[in-house]
Amino acid sequence: MLFEPPQRLVRALGEAYPEVAADWLGQLPGLTEEAVSREKLAVERVQNPGGRSSLVVLVRQQDGAPAALKIAPEAAGPAAERAALAHWNGWGAVQLLDGDAARGELLLERLHSEVSLRSLPEAKALLEAAGIVRRLWIEPPPEHPFETVAERTARQAVAMRAAEPAQAPLVEAALAARDELTASADELLLLHGNFRQGKVLAGDRAPWLAVGPEPLVGERAYDLARLVRDRVEDLVATAAGASAARRRVNKLADSLDVDRARLHGWTLFRAVESGVRARAAGRHQDAELLLEFAGWL
């Protein structure tokens with residue numbers, strides 16, 4: 001199967017997994033052909049621009065039913081994603097149909113990838129997002145394979161400490177918030193891990209379903225924190241951006257019965273972590289937006 005991997009995937013993998021990206025991308029056409037043959041699928045097209053950590057191929061199953069074949073490198077965590085999707089079993093999330101996570105393959109229910117919650121007005125999008133993420137917060141399965149919020153953020157904290165001196169005050173505040181929050185956490189629920197409006201797509205089985213989890217276990221406030229800064233470019237462009245950001249923290253916390261202070265702390269940490277990572281990758285405009293947003297908090 002000959003194709004050019006989508007450029008968004010090439011760039012994102014090179015940033016996130018530079019040690020394996022080139023080799024895996026070189027093998028990708030062969031991996032895709034093997035998966036299609038093994039699952040007896042008929043290929044329609046490669047989804048473009050597609051995802052940032054996986055190739056998505058729109059296919060038909062043997063009975064003609066539409067599906068999406070997702071292929072990701074091991075470093076992107078397809079095994080954990082499969083475990084989470086299997087546990088949710090279609091409740092608020094895309095349905096897992098088949099696939100071999102050991103090979104990085106997931107066969108999924110096909111959704112309308114061109115229609116995400118970002119297509120809705122902001123207030124409506126946040127309302128729908130809150131309803132979806134609430135469904136995902138369930139007890140993890142026994143002996144689950146997921147890392148904890150404390151484990152993931154400890155790894156991220158190492159990279160944050162290497163940030164440029166100009167970012168030091170925000171980084172120190174974010175790390176202090178992280179230390180306090182992990183020391184006092186008392187929830188251990190299955191979380192999406194990267195929940196935002198763009199990760200909720202229109203479906204046929206249900207109006208909206210979550211996709212692309214980076215699952216872990218921990219408290220709800222951590223999962224909600226990424227949603228707080230959705231459409232950050234719009235917030236930064238307004239004169240009332242700072243007050244609007246703080247109102248959004250309080251509104252989302254109250255609507256989902258999450259402690260305001262904990263959501264504030266995790267929003268700060270996650271915005272600074274993303275900003276530092278963007279700066280290190282040379283995405284300076286993204287970094288400026290994220291760090292300005294974090295400074296408002």
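Visitor: Where is the place of P49?

Guide: In this predicted model, P49 sits in the loop between strand 1 (42-46) and strand 2 (55-60).

Visitor: What joins N48 and P49?

Guide: A cis peptide bond joins N48 and P49, with omega at about 15 degrees. For comparison, most peptide bonds are trans.

Visitor: Let's turn to helix 7. What makes helix 7 largely enclosed by the rest of the structure?

Guide: Buried means under 20% relative accessible area. In helix 7, 9 of the 9 residues are buried, so the helix is largely enclosed by the rest of the structure. Those residues are R220, A221, Y222, D223, L224, A225, R226, L227 and V228.

Visitor: How do helix 7 (residues 220-228) and helix 10 (residues 260-280) cross?

Guide: Their axes come within 8 Å and cross at roughly 60 degrees.

Visitor: Why is helix 7 called oblique to helix 10?

Guide: Angles under 35 degrees count as roughly parallel, and 65 to 115 as roughly perpendicular. The angle of roughly 60 degrees falls in neither range, so helix 7 is oblique to helix 10. The crossing of these two helices is right-handed.

Visitor: At what angle do helix 7 and helix 9 pack?

Guide: Helix 7 and helix 9 pack at an angle of about 140 degrees, and their axes are 10 Å apart.

Visitor: Why is helix 7 called oblique to helix 9?

Guide: Roughly antiparallel needs an angle over 145 degrees, and roughly perpendicular covers 65 to 115. An angle of about 140 degrees fits neither, so helix 7 is oblique to helix 9. The crossing of helix 7 and helix 9 is right-handed.

Visitor: How do you know whether L28 is buried or exposed?

Guide: L28, found in helix 2 (residues 21-39), has a relative accessible area of 0%. The cut-off for buried is under 20%, so L28 counts as buried. L28 and L2 are 26 residues apart in sequence, and their C-alpha atoms are 9.6 Å apart in space.

Visitor: And A237: buried or exposed, and why?

Guide: Exposed means over 50% relative accessible area. A237 has 66% relative accessibility, so A237 counts as exposed. This residue lies in the loop between helix 8 (232-236) and helix 9. The C-alpha atoms of A237 and L13, 224 residues apart along the chain, are separated by 29 Å.

Visitor: What is the phi of N89?

Guide: Phi of N89 is near 50 degrees, a positive value in a residue other than glycine. Most residues other than glycine have a negative phi. N89 lies in the loop between helix 3 (78-88) and strand 4 (96-98). At 53% relative accessibility, N89 is over the 50% cut-off and so counts as exposed.

Visitor: And what about the phi of D257?

Guide: D257 has a positive phi too, near 55 degrees, and is a residue other than glycine. Its place is in the loop between helix 9 and helix 10. With 58% relative accessibility, D257 counts as exposed, because exposed means over 50%.

Visitor: Which residues are closest to the centre of the second largest pocket?

Guide: That pocket has a volume of about 260 Å³. Of the 13 residues that line the pocket, the closest to its centre are E122, L126, R248, K251 and L252. Helix 4 (122-136) and helix 9 (241-255) are the elements that give two or more residues to the lining. The lining divides into 7 nonpolar, 1 polar and 5 charged residues.

Key
Residues are numbered from 1 along each chain as its sequence is written. This is a predicted model: local features need pLDDT of at least 70, side-chain atom pairs count only at pLDDT 80 or more; totals for chains, interfaces and linings use all residues. Side-chain values use heavy atoms; hydrogens and water are left out. On a 1 Å grid over the protein atoms alone, a cavity is a set of points where a 1.4 Å probe fits but cannot get out, and a pocket is an open set with protein on both sides within 12 Å along at least five of seven lines; lining residues have an atom within 4 Å of a point. Grid points are joined across faces, edges and corners, and a volume is the space filled by probe spheres set on the points. Helices (H or I, at least four residues) and strands (E, at least two) are DSSP runs, numbered from the N terminus. Ala, Val, Leu, Ile, Met, Phe, Trp, Tyr, Cys and Pro count as nonpolar, Asp, Glu, Lys and Arg as charged, and the others, Gly among them, as polar. Buried means under 20% relative accessible area, exposed over 50%, partly exposed in between (1.4 Å probe, protein chains only). Axes are lines fitted to C-alpha atoms, for helices over the stretch in contact, and angles run from 0 to 180 degrees between N-to-C directions. A crossing is left-handed if the near helix is turned anticlockwise from the far one by less than a right angle, and right-handed if clockwise.
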